[in-house]
Amino acid sequence: QVQLVESGGGLVQPGGSLRLSCAASGSIFSIIVMGWYRQAPGKGRELVATLNSGGATNYADSVKGRFTISRDNAKKTVTLQMNSLKPEDTAVYYCQSRLYTRRDDWGDFWGQGTQVTVST
């Protein structure tokens, strides 16, 4: 079994910063990609940022220049540094990982989500 545990959400004023972290644990052979998605009230889940094992990043246009994703392969953690936050960044943020649980068996796994609220 694989677990992804997020931390770091909360309430912040517009223009402020938050840092989200996610730790993967369990039966992990190797990690292909780790990333963050978000879901705002009444909307679908959308990609925020991903980082693959080769170091390539992918960001949603709405967060480019404001958010930075990083990863610690040894600790199996991924971090999302969010700066210049806007009210429209308010959402539940989910950690996601595509990984191998065995040499020839891979799957997609999700964390439980952490709330980020940007408001005065």
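What follows is a chat between two people about this predicted model.

Colleague: Before we start, what should I know about the predicted model and its numbering?
Modeller: Residues are numbered from 1 along each chain as its sequence is written, and side-chain values use heavy atoms, with hydrogens and water left out. The model is predicted, so to speak, with these limits: totals for chains, interfaces and linings use all residues, side-chain atom pairs count only at pLDDT 80 or more, and local features need pLDDT of at least 70.

Colleague: What is the strand order in the open sheet of 4 strands?
Modeller: Strands here are DSSP runs (E, at least two residues), numbered from the N terminus, and two of them pair if DSSP finds at least two bridges between them. The pairing in this open sheet is antiparallel, and the order is 1-3-8-7.

Colleague: And which strands are the edge strands?
Modeller: Look for strands that pair on one side only. That gives strand 1 (2-7) and strand 7 (67-72).

Colleague: Which residue in strand 3 is the bridge partner of Leu-4?
Modeller: Strand 1 pairs with strand 3 (residues 18-26) in the antiparallel sense, over 6 bridges. Strand 1 also has two faces: Gln-3, Val-5 and Ser-7 are on the uncovered one, while Leu-4 sits on the covered one with Val-2 and Glu-6. Across in strand 3, the bridge partner of Leu-4 is Ala-24.

Colleague: Is Ser-97 buried or exposed?
Modeller: Ser-97 belongs to strand 9 (residues 91-102). Buried means under 20% relative accessible area, exposed over 50%, and partly exposed in between (1.4 Å probe, protein chains only). Ser-97 has 0% relative accessibility, so Ser-97 counts as buried.

Colleague: Which backbone oxygen lies 3.1 Å from a polar atom of the Ser-97 side chain?
Modeller: Contact means heavy atoms within 4.5 Å, and, not counting residues up to four places away in sequence, Ser-97 touches Leu-4, Ile-31, Val-33, Met-34, Gly-107, Asp-108 and Phe-109. The backbone oxygen at 3.1 Å is that of Val-33.

Colleague: How far apart, centre to centre, are the rings of Tyr-37 and Trp-110?
Modeller: Rings of Phe, Tyr and Trp (its six-membered ring) pair if their centres lie within 6.5 Å; planes under 30 degrees apart count as stacked, over 60 as edge-to-face and the rest as tilted. By this rule there is 1 aromatic pair. Tyr-37 and Trp-110 are edge-to-face, with 65° between the planes and a centre-to-centre distance of 5.1 Å.

Colleague: How many residues apart in sequence are the parts that this pair ties together?
Modeller: Tyr-37 lies in strand 4 (residues 30-39) and Trp-110 in strand 10 (residues 105-110). The pair therefore ties together parts whose separation in sequence is 73 residues.

Colleague: Which residue lies over the face of Trp-110?
Modeller: Trp-110 counts as partly exposed, because its relative accessibility is 38%. A charge sits over a ring if NZ of Lys or CZ of Arg is within 6 Å of the ring centre and within 35 degrees of the ring normal. One residue lies over the face of Tyr-94, at 3.7 Å from the ring centre, and over that of Trp-110, at 4.6 Å: Arg-45.

Colleague: Which residues is Ala-60 in contact with?
Modeller: Ala-60 is in the loop between strand 6 (57-59) and strand 7, and it is buried, with a relative accessible area of 16%. Its C-alpha atom is separated by 5.2 Å from that of Val-48, 12 residues apart along the chain. Leaving aside neighbours within four places in sequence, Ala-60 is in contact with Leu-47 and Val-48.

Conventions. A polar contact is a pair of N or O atoms within 3.5 Å; within protein, one must be able to donate a hydrogen and the other to accept it, and residues adjacent in sequence count only if both atoms are side-chain atoms.
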